[in-house]
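Here are a few exercises to work through with the model open in your viewer. Try each task before you read its solution.

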Amino acid sequence: MKNSTILRIVHFVIFLLLQVLILKNIALFGFGFIFLYIAVLLFLPADMEKSTLLLLGFVLGIMVDWFYDTLGVHAAASVLIMYLRPKWMQLITPKGGYDAGVNPMLSDYGFNWFALYALPLILIHHFTLFVIQSGGFDRLMSILAKTSFSGVLTFVLMVLVQLLFYTKQRRVI
Amino acid sequence: MRELFFFIYRFRGLMLFLILEMICFWLIVTKNSYQSIAFFHSSNRAIGALYQNKTKVNNYFELSRINEELVKENAALRAALKVSEASDYYWTHEFSADEARLKQFSFTPVRVVNNSISEYHNYITIDKGSLDGIKPNEGVIGPYGVIGKVKSVSPHYATVISLLNNKFLVSAKAYPSNVLCSVNWSGEDFQFADLNYVPRHVEMHVGDTVRTSGYDGIFPAGTMIGTVEEFELTDQDIFYNIKVRLSTDFSSLSYLYVVENNLEEEQLEVERLTEEKK
């Protein structure tokens with residue numbers, strides 16, 4: 001138990017640094033942004049307590065905001081997807097249900113399930129983010145373009161990270 | 001009472017969600033009274049130090065480009081020196097202007113430690129703060145022209161509202177028509193900004209230069225902003241729609257200057273006196 005908590009904190013810090021030191025500087029064609037940090041939130045175990053999920057989303061969001069100078073924006077989007085996550089997971093429960101303490105990832109439940117799970121949450125997160133950043137729906141077309149392009153980028157990178165750095169896990173982290 | 005607790009327990013997820021979202025939106029809304037929570041921003045010392053180390057590493061890879069820029073700037077300054085020698089002569093001999101007028105602006109060189117171009121409201125962090133005499137509302141210029149305005153300062157760092165921030169307006173003049181107008185970023189492409197309030201009777205050309213007017217007392221008059229890229233005037237418009245190509249490439253900022261206007265208080269004071277007498 002102790003071990004897994006430490007591993008999770010390391011996980012948290014690595015993704016945060018990756019986001020604010022490297023990915024923050026990337027803007028493909030001016031409207032493709034990558035917010036890989038939400039992978040930490042999406043990989044949390046399925047049986048985690050709701051309020052813990054919300055608090056973790058808030059803390060990570062605020063930390064990212066701190067570096068982005070956009071206080072509250074990332075936090076609001078992260079808390080929103082953390083609120084929707086348990087409900088969404090319940091709707092798309094794979095055959096045989098979720099294993100306790102296992103991260104909901106590609107290696108355990110397959111690509112199709114992971115895409116179905118992660119893509120909508122990523123898109124909701126990005127959409128919320130861009131709407132708040134632009135201060136309303138005035139530039140809806142530009143927001144939608146940014147959301148879809150950035151969402152796909154984040155998703156692709158999230159899949160790549162899993163293929164490269166995570167082997168089949170049964171309760172590792 | 002027991003039912004109340006039971007109710008709260010049952011909906012704890014939803015309640016926590018609403019409370020956290022309220023905190024977030026409170027933060028987003030009050031963010032505009034920037035000074036009060038400057039602590040949270042990247043002028044904060046710890047984050048500033050982290051970014052500075054990152055910038056140090058990046059600078060190694062950019063040394064050749066930075067050198068090239070400095071050489072170009074040196075050349076431009078040398079050229080300007082000639083002009084200024086002549087104008088010094090003009091001022092001292094023809095009008096016997098006072099010392100203060102000649103030393104109206106002083107420049108502090110600073111290095112960029114963090115910069116963004118991808119948001120709608122972009123900010124820049126620089127590596128000098130109140131200990132080096134940087135104060136809020138001072139102008140910031142680069143080798144190629146206007147960059148922004150100092151927003152908040154900590155002892156060692158300061159954050160600057162970038163020209164690429166649609167809350168920031170710069171009082172400008174277009175040349176050769178000499179018309180007063182205002183530059184504001186539209187929030188889309190970091191290479192272009194909009195030029196507003198040019199009335200339709202003025203004659204515009206592609207390639208006209210846009211420079212600061214100096215009326216706001218922040219930037220020296222005539223600091224470069226950009227050139228007119230394209231313009232449009234329909235029959236209903238009172239003002240032109242003008243797109244300006246910015247002279248500065250905001251995606252690669254390295255060394256900048258903070259401009260202190262030593263006569264700003266005097267200008268504001270005398271303007272305030274007039275305002276009161278109205």
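Two residues are in contact if their C-beta atoms, placed from the backbone, lie within 7 Å. Keep that cut-off handy, and remember that this is a predicted model.

**Exercise 1: the interface**

Task: Work out how many residues of chain A are in contact with chain B, and which helices supply them.

Solution. Start with the count: 22 residues of chain A are in contact with 21 residues of chain B. Next, sort the chain A side by element: α3 (50–68), α4 (73–91) and α6 (111–134) each supply at least two residues. The largest share comes from α3(A), with 6 residues. Finally, split that side of chain A by class, and you get 14 nonpolar, 6 polar and 2 charged residues. As for confidence in the complex, the predictor gives an ipTM of 0.78 and a pTM of 0.57.

**Exercise 2: two chains, two make-ups**

Task: Describe the secondary structure and burial of chain A, then do likewise for chain B.

Solution. Chain A first: it comes to 7 helices and 0 strands, so its pattern along the sequence reads α-α-α-α-α-α-α. Of its 173 residues, 37% count as buried. Now chain B, which has 5 helices and 12 strands; buried residues make up 29% of its 278 residues. Then look at contacts between residues at least 6 apart in sequence. In chain A, 68% of these join residues at least 24 apart, and in chain B the figure is 59%.

**Exercise 3: where to trust chain B**

Task: Find the stretch of chain B where the pLDDT is below 50.

Solution. Begin with the overall picture: the mean pLDDT of chain B is 82, and 86% of its residues reach 70 or more. The stretch you want is residues 32–38, where the pLDDT is below 50; beyond near neighbours in sequence, it has 6 contacts in the model. Where pLDDT is low, the predicted coordinates should not be read in detail.

**Exercise 4: a strand with two faces**

Task: Trace β7(B) and say which side chains point to which face.

Solution. In a regular strand the side chains alternate between the two faces of the sheet. Along β7(B), B:V179, B:C181 and B:V183 point to one face and are buried. B:L180, B:S182 and B:N184 point to the other face and are not buried.

Now check the strand's partners. β6(B) and β7(B) run antiparallel and are joined by 6 bridges, with B:K173 standing opposite B:L180. These two strands form a hairpin with 3 residues between them, and B:N178 in the turn has a positive phi of about 65 degrees. β7(B) also runs antiparallel to β8(B), with 3 bridges joining them; here B:V183 has B:L195 as its bridge partner.

Last step: zoom in on B:N184. B:N184 is partly exposed because 19 other C-beta atoms lie within 10 Å, and a buried residue needs 20 or more. B:N184 sits 5.1 Å from B:L169, C-alpha to C-alpha, though the two are 15 residues apart in sequence. Leaving aside neighbours within four places, B:N184 is in contact with B:N166, B:L169, B:A193, B:D194 and B:N196.

**Exercise 5: backbone oddities**

Task: Which peptide bond from B:Y175 is cis, and where do B:N137 and B:Y197 lie?

Solution. Check omega first: the bond from B:Y175 to B:P176 is cis, with omega near 10 degrees. B:P176 lies in the loop between β6 (169–175) and β7 (179–184) of chain B.

Then turn to phi. B:N137 has a positive phi of about 75 degrees although it is not a glycine, and its place is the loop between β2 (121–126) and β3 (139–142) of chain B. B:Y197, also not a glycine, has a positive phi near 65 degrees and lies in the loop between β8 (192–196) and β9 (209–212). For burial, B:N137 is partly exposed, with 13 other C-beta atoms within 10 Å; B:Y197 counts as partly exposed with 14.

**Exercise 6: the core**

Task: Which residues touch the most other members of the largest nonpolar core?

Solution. The core has 92 residues, and the ones to pick are A:L54, A:V79, B:I126, B:V160 and B:V244. Domain 1 (2–30) and domain 2 (105–278) of chain B both give residues to this core, so it lies between them. To finish, follow B:V244: among the residues it touches are B:V183, B:F192, B:L195 and B:I225.

Key: Residues are numbered from 1 along each chain as its sequence is written. Chains are lettered from A and ligands numbered from 1 in the order in which they are written. This is a predicted model: local features need pLDDT of at least 70, side-chain atom pairs count only at pLDDT 80 or more; totals for chains, interfaces and linings use all residues. Helices (H or I, at least four residues) and strands (E, at least two) are DSSP runs, numbered from the N terminus. A residue is buried if 20 or more other C-beta atoms lie within 10 Å of its own, exposed if 12 or fewer, and partly exposed in between; C-beta atoms are placed from the backbone. pLDDT is the predictor's confidence in each residue, from 0 to 100. Ala, Val, Leu, Ile, Met, Phe, Trp, Tyr, Cys and Pro count as nonpolar, Asp, Glu, Lys and Arg as charged, and the others, Gly among them, as polar. A nonpolar core is a set of buried Ala, Val, Leu, Ile, Met, Phe, Trp, Tyr and Cys residues joined through C-beta atoms within 7 Å. Domain bounds come from an automatic or database domain assignment. Two strands pair if DSSP finds at least two bridges between them.
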